[in-house]
There are 2 protein chains.
Amino acid sequence: MMADAAYAPARIAIDARCGDARAGRLLVHGLEAPTPLFMPVGTLGTVKALGPDEIVRAGARVVLANAYHLLQRPGPDVIERHGGLHRFMAWDGGILTDSGGFQVFSLSGFRSVDDDGVTFAAPIDGSRTRLTPASVVDLQRRLGSDIAMVLDECPPATADRSRVEEAVRRSTLWARSALAAPRASGQALFGIVQGALDVGLRIAHLEETAAMGFDGVALGGFSVGEPPERRWPVVAEIGPRMPADHPRYLMGIGTPLDLFHAVRAGIDLFDCVLPTRGARHGLAFTASGRIAVKQARFRDDTGPLEEGCPCPACTRFSRSYLRHLHTSGEILAARLLTEHNLTFFQRWMGTLRTAVVAGTLDTLESAASAAGEPLD
Amino acid sequence: MMADAAYAPARIAIDARCGDARAGRLLVHGLEAPTPLFMPVGTLGTVKALGPDEIVRAGARVVLANAYHLLQRPGPDVIERHGGLHRFMAWDGGILTDSGGFQVFSLSGFRSVDDDGVTFAAPIDGSRTRLTPASVVDLQRRLGSDIAMVLDECPPATADRSRVEEAVRRSTLWARSALAAPRASGQALFGIVQGALDVGLRIAHLEETAAMGFDGVALGGFSVGEPPERRWPVVAEIGPRMPADHPRYLMGIGTPLDLFHAVRAGIDLFDCVLPTRGARHGLAFTASGRIAVKQARFRDDTGPLEEGCPCPACTRFSRSYLRHLHTSGEILAARLLTEHNLTFFQRWMGTLRTAVVAGTLDTLESAASAAGEPLD
């Protein structure tokens, strides 16, 4: 029995608008997650360094896992035997599974793509993994995630136009196969729009994708090497044209400023490794800017990481202690900084949401900018 | 202000005896910790992978930190600025600080000993650290631990008799200096008995140490290379001769079977890295034996690590998930296995205590033996 068999497919309810921006609720896995929504990354069925209680305490209600990586280990048979990914990782919130399309980009040295799918060769032992649009949906059916993503082809930012056109053509072909494949009961399927930084290609692919009848539409193919300043105008053009009655998801983004620009463009859902990976490298996000906790100036700093933050790192420990843990390679550093960064990102989404409701989103641009920069 | 200034020095109240074994309560830091008591190791001011809440949830009330290592980093000035180690690590239970005497053994390639103290050379940059009996008490005064340990000289198991006699002579000399040094308000000071596996030397040194008026007496110089079977008879001879009205502490020990033998000999307090370090290497203790969670047989095992264990690893996750986390190098594996192992050790101490009260301690020998062996 799948843990989420009783729920209707994920959908969005919009509560307020401010320009193109939307504030709403993602209805998923029997709960209502306020949007704009940031989903922490839990690639292998664990948000690195955290247990389920801490994820909830940080304010997250939906996490992202990666079907491609879970196929490699532990394998879908293991997860199925537990009754699905929710039970395997003891997570009673929503789960979105990415398809492996991003790995077409990130593992580009280890795969070959054809019209029927993609073949990956493992970097170590050369063993082969074949993904097709239908097999990836079936994989996600077995994982029992709440939201499945189609397999797509994600070209790098440096790809020329003919290469991007080819990726768009193939992604459309694959999207049709994915839609025809059986899914788990109540499982949503989102399409993915490619087109790199070419607004014309993006609009054309969005129109094709939107017409197919997905439960939601995502923008893929960003954060693949392009400067953020080139990304924002493209998202600003495409976001408002995405289906208004479905969730809109920008994949793999981003900094507080990225999130501001994307929310202003009407995007609802986000995921990014930045808060979690950054934490493991000793980076803490604060409203005043990014902090590298190893810095010597924190050695004697008995104050909290961020004044007013409700997370355990800030309410119970000092910057000095966090610096000590991080510079000593202590596991608790990764855990506390991850809790802080996720709490910061959830609070930032709350700030954006409140501003959308209040009609004051534009006033947040300088705050968004400050939060992404290194603290002096 | 020291966090623990209001408390009386640690002492023990004995509730029951069974042969030489004792069941009681360590009165420390304003709380009563049932004895026999296992203290998790938190060398650098963190029980590796756990926050304070998990330490409490595992049943631990007193932790051990290491004054020598805390001197290296972050330094006592940093900890003093926080108002002491309790506040620095946000731990409101008891703290015992080891003196650095064990490092005379474990860092034997990097130190020279004379009658006034020991000089360590840092393995990397060669910088020197001088410890004297008085400076180590002063260091622990600044840390504000509840129980301070004297500086001692800990010879290896392979040392010849004259070398052990020399260590005993020096440890006695140092103990007198330590007793004369000012301590924090309410801070207890424990003496340490050396003498390797020589019962005569051990008894003589115990008599000297017991006569000095410490708040408690410890046995050092075990688990320094000797086989457990040679340790137990020595502990069996010495334990019952230790002062009856003070806490008796066996340092750095041990397996469930070690703990059984030592409790039978009348020891009250223990610390050991085994449950915490083992956890980070994927070793889980259970009543049926030790488990290496990476084993392939656990790939599909949806059952708990140990049936009936109340820890989060056992109540919320499967062996299969723990194996997946550990083999994937996920931080959550270290955390969950540490919680389990500490819970197991606390429950084991509870089992021993109950048996002392019931007068049935001897019946636990085979259970003690089973818990320490690898599970078939």
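A charge counts as sitting over a ring if NZ of Lys or CZ of Arg is within 6 Å of the ring centre and within 35 degrees of the ring normal. The close-ups below come from a predicted model.

**View 1. Arg202(A) over Phe222(A).** Here the charged end of Arg202(A) is perched over the ring of Phe222(A), 4.0 Å from the ring centre.

**View 2. Arg323(B), buried without a salt bridge.** Arg323(B) belongs to helix α13 of chain B, which covers residues 319-327. Look for an opposite charge and the nearest side chain on offer is Asp300(B), 7.6 Å away. The Arg323(B) side chain does reach the backbone oxygen of Lys294(B), at 3.0 Å. Leaving out residues up to four places away in sequence, Arg323(B) touches Val293(B), Lys294(B), Gln295(B), Ala296(B), Phe298(B) and Arg299(B).

**View 3. A stacked pair in chain A: Phe285(A) and Phe344(A).** Over all chains, the count of aromatic pairs is 14. In this one, the rings of Phe285(A) and Phe344(A) are 6.4 Å apart centre to centre, with 20° between the planes. Phe285(A) comes from strand β15 (residues 283-286) and Phe344(A) from helix α14 (residues 331-358), so distant parts of chain A are linked, 59 residues apart. Phe285(A) is buried at 3% relative accessible area, and Phe344(A) is buried at 5%. Both rings join Phe38(A) and Phe345(A) in one aromatic cluster.

**View 4. A tilted pair in chain B: Tyr68(B) and Phe120(B).** The ring centres of Tyr68(B) and Phe120(B) sit 4.5 Å apart, with 45° between the planes. Tyr68(B) is in helix α2 (residues 67-72) and Phe120(B) in strand β8 (residues 117-121), so the pair ties together parts 52 residues apart in sequence. Tyr68(B) counts as buried at 7% relative accessibility, and Phe120(B) is buried at 2%.

Methods. Residues numbered from 1 in each chain as written. Chains lettered and ligands numbered in written order. Predicted model: local features only at pLDDT ≥ 70, side-chain atom pairs only at ≥ 80, totals over all residues. Heavy atoms only, no water. Helix = DSSP H or I, 4+ residues; strand = E, 2+ residues; numbered from the N terminus. Buried < 20%, exposed > 50% of the residue type's maximum accessible area, 1.4 Å probe, protein only. Lys, Arg positive; Asp, Glu negative; His and termini not counted. Salt bridge = Lys/Arg side-chain N within 4 Å of Asp/Glu carboxyl O. Polar contact = N/O pair within 3.5 Å; in protein donor to acceptor, adjacent residues only side chain to side chain. Contact = heavy atoms within 4.5 Å. Phe/Tyr/Trp six-rings, centres within 6.5 Å; stacked < 30°, edge-to-face > 60°.
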